[in-house]
Amino acid sequence: MLTTPTVRDLERLTARVLEGSARSSGARLDAYRVDGAFYIDIDLPGVDTASIDITVDGKVLTVRAERRRAEQENAQVVIAERPMGTFSRQVFLSERLDTDRLEARYDNGVLTLSIPVLERRPRRIEVTV
């Protein structure tokens, strides 16, 4: 039996869509390779570097950060469009990346991760009899 959506149902759906897009917009990324390194730039403007958490589990890189609204005494918020809260991004890394030498730098609201690419040299296999 089909039911007609109510205004409240549509409001809930709209809020979920907007909330999801706001959260993902706070951690957009670019990934690229330059010579012997792979780079990931993640936009995290207004984030305290102490809140940034970077982990590598196997070949899954996870970056979490939190942006908080500055509390001001007697301030009445009129418009609040900037996404706040915890942001998280996961990237599946190639096995050819040396995650033990991953480096992170935060500058002008951009977190840049640098991961060296492992050199792959041909290996000669001896045949035994």
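Here are legends for four views of this predicted model, starting with the whole chain and then moving in on a few spots.

**View 1. The whole chain, one helix and seven strands.** Walk along from the N terminus and the elements come up as α-β-β-β-β-β-β-β. The chain has 129 residues, and 23% of them are buried. Its accessible surface adds up to about 10,500 Å², with 48% of that belonging to carbon and sulfur atoms. Now take the contacts between residues at least 6 apart in sequence: 50% of these join residues at least 24 apart.

**View 2. The largest nonpolar core, with 17 residues.** Nonpolar side chains tend to be buried together in soluble globular proteins. In this core, the residues that touch the most other members are I40, I42, L44, L61, L93, L111 and L113. Two or more residues come from each of β2 (37-43), β4 (60-67), β5 (85-92) and β7. Zoom in on I42 and, leaving aside residues up to four places away in sequence, you'll find it touching A27, R28, L29, V63, G109, V110, L111 and L113. Two of those neighbours, L111 and L113, are also on the list of residues touching the most other core members.

**View 3. T112, a buried residue in strand β7.** Strand β7 covers residues 110-116, and T112 sits within that run. Is T112 buried or exposed? Its relative accessible area is 11%, so T112 falls under the 20% cut-off and counts as buried. For a polar partner, look to D41: the side chains of T112 and D41 are joined by a polar contact of 3.0 Å. D41 also turns up among the residues that T112 touches, along with Y39, I40, E103, A104 and R105, once residues up to four places away in sequence are set aside.

**View 4. Y32 and Y39, a stacked aromatic pair.** How many aromatic pairs are there? The count comes to one, and here it is: the ring centres of Y32 and Y39 are 5.4 Å apart, with 20° between the planes. That angle is under 30 degrees, so the pair counts as stacked. As for exposure, Y32 has 33% relative accessibility and is partly exposed. Y39 is partly exposed too, with a relative accessible area of 23%. Y39 links this view back to the previous one, since Y39 is one of the residues that T112 touches.

Key
Residues are numbered from 1 along each chain as its sequence is written. This is a predicted model: local features need pLDDT of at least 70, side-chain atom pairs count only at pLDDT 80 or more; totals for chains, interfaces and linings use all residues. Side-chain values use heavy atoms; hydrogens and water are left out. Helices (H or I, at least four residues) and strands (E, at least two) are DSSP runs, numbered from the N terminus. Buried means under 20% relative accessible area, exposed over 50%, partly exposed in between (1.4 Å probe, protein chains only). A polar contact is a pair of N or O atoms within 3.5 Å; within protein, one must be able to donate a hydrogen and the other to accept it, and residues adjacent in sequence count only if both atoms are side-chain atoms. Contact means heavy atoms within 4.5 Å. Accessible areas come from the Shrake-Rupley method with a 1.4 Å probe; for residues, only the protein chains shown count as cover. A nonpolar core is a set of buried Ala, Val, Leu, Ile, Met, Phe, Trp, Tyr and Cys residues joined through side-chain atoms within 4.5 Å. Rings of Phe, Tyr and Trp (its six-membered ring) pair if their centres lie within 6.5 Å; planes under 30 degrees apart count as stacked, over 60 as edge-to-face and the rest as tilted.
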